[in-house]
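Thank you for making the time; I would like to take you through one helix and then through the nonpolar cores. Please keep the structure in view while I talk.

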Amino acid sequence: MNSNSGLPTHDALDNCGVVITGAAGGLGRAHAEACLAAGATVFLTDLPGHHLEGLALHLDPGRSRVGWAEADIRDASQVERIARDAVRLCGHLDGWINNAGAIAFGRVDRVPLASIRHLIDVNVLGTVNGLLAAADVMTSQGHGGAVVNTTSGTQNGNEPDTTGYGMTKGAVTSLTYGAAADLAPEGIRVNAISPLAQTKMIAARDTHYVERGYPAIFDNVPPAHASAAAAVYLLSQRAAKITGRVIRIDEAGYSIVSKADPGPVVVDRSSVASFDDLADGLDAILRGPQPRASQASAQPHTSASENRTK
């Protein structure tokens with residue numbers, strides 16, 4: 001057992017160097033503990049004021065397998081510095097977990113535009129910055145590597161007051177699919193997890209829902225380590241041939257998120273002679289459950305540093 005996390009040890013990431021963003025708490029800390037238990041050397045980063053040094057010392061009293069540095073993932077130059085620092089600690093960079101994220105709660109027409117921009121800057125551009133920094137180092141090393149992004153079940157629009165957040169996580173999913181194809185020639189695998197986990201972000205969402213009288217969506221939220229285990233798998237050689245996939249972790253267990261590829265033809269173009277023909281054909285197919293109605297909400301809650309997890 002790992003003495004500081006209680007996790008069983010194994011060698012899935014033996015001799016690997018892994019960067020984890022948003023590492024100070026919640027899912028980020030679980031990632032760090034799981035990677036350490038799997039034999040990795042880890043480099044932690046988060047915003048200033050999150051006590052990374054204390055966490056690093058707790059995880060690695062010997063100061064040999066955990067490094068840390070404060071950084072804002074919205075700034076590409078800071079993220080590039082993290083990559084260089086990680087190589088100095090580990091000797092090489094094999095894995096990168098884009099975990100840091102922000103959330104804002106509120107109906108889409110009532111969330112300030114500044115909050116939407118912040119979500120895009122952190123969740124989308126911050127993830128892009130991490131991906132590019134990792135890819136640059138991994139390409140120069142010449143032996144590939146693995147990137148794990150973080151998306152969310154909210155991208156399906158099935159939770160009230162999370163439209164802005166879900167939009168950015170949908171972008172991360174698309175980034176994962178596209179980057180996996182782009183970087184395959186360099187031997188760099190790009191996958192993602194879509195976690196439901198016990199974190200401050202989930203607690204903030206639950207508080208928001210209780211205050212507005214929304215019904216509970218999840219009754220049995222898994223611990224953060226359930227999602228971290230999936231990330232370790234995606235970083236490991238057990239997943240050496242896996243790229244461009246998204247693993248969902250929720251109450252029931254683990255599932256693979258399917259791509260939103262076009263389905264079978266539902267209205268044959270040759271049968272459409274008028275607007276009514278098209279409307280009748282589509283109407284017959286599209287009748288079904290409507291999106292969950294969102295009640296009016298007050299001022300949105302924002303969290304710039306805690307790592308998403310839905």
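Let me begin with a definition, namely that the expected span of a helix is 1.5 Å times one less than its number of residues. Bear in mind, too, that what you see is a predicted model. Helix α5, residues 163-183, has 21 residues and should therefore span 30 Å, and since its end C-alpha atoms are 30 Å apart, the two values agree.

Staying with α5, its buried residues include G164, Y165, G166, T168, K169 and V172, and further along T173, T176, Y177, A179, A180 and L183 are buried as well. What do the buried residues of α5 pack against? Their partners are the helices α4 (113-141) and α6 (200-212), together with the strands β5 (103-104), β6 (145-150), β7 (188-195) and β8 (246-249). One of these buried residues, Y177, also has K259 over the face of its ring, at 4.9 Å from the ring centre. Aromatic pairs, by contrast, number 0 in the structure.

Now to the cores. In soluble globular proteins, nonpolar side chains tend to be buried together. Here the largest nonpolar core has 38 residues, and V18, I20, C35, V42 and L44 are those with the most contacts inside it. Two or more residues each come from β1 (17-21), α1 (26-37), β2 (41-46), α2 (52-59), β6, α7 (224-235) and β8, with α7 giving the largest share, 8 residues. If we set aside neighbours within four places in sequence, V42 is in contact with V18, I20, A32, C35, L36, R65, V66, G67 and L89. Another core, of 30 residues, lies apart from this one, and A71, V111, A134 and I188 are among its members.

How values were computed:
Residues are numbered from 1 along each chain as its sequence is written. This is a predicted model: local features need pLDDT of at least 70, side-chain atom pairs count only at pLDDT 80 or more; totals for chains, interfaces and linings use all residues. Side-chain values use heavy atoms; hydrogens and water are left out. Rings of Phe, Tyr and Trp (its six-membered ring) pair if their centres lie within 6.5 Å; planes under 30 degrees apart count as stacked, over 60 as edge-to-face and the rest as tilted. A charge sits over a ring if NZ of Lys or CZ of Arg is within 6 Å of the ring centre and within 35 degrees of the ring normal. Helices (H or I, at least four residues) and strands (E, at least two) are DSSP runs, numbered from the N terminus. Buried means under 20% relative accessible area, exposed over 50%, partly exposed in between (1.4 Å probe, protein chains only). Contact means heavy atoms within 4.5 Å. A nonpolar core is a set of buried Ala, Val, Leu, Ile, Met, Phe, Trp, Tyr and Cys residues joined through side-chain atoms within 4.5 Å.
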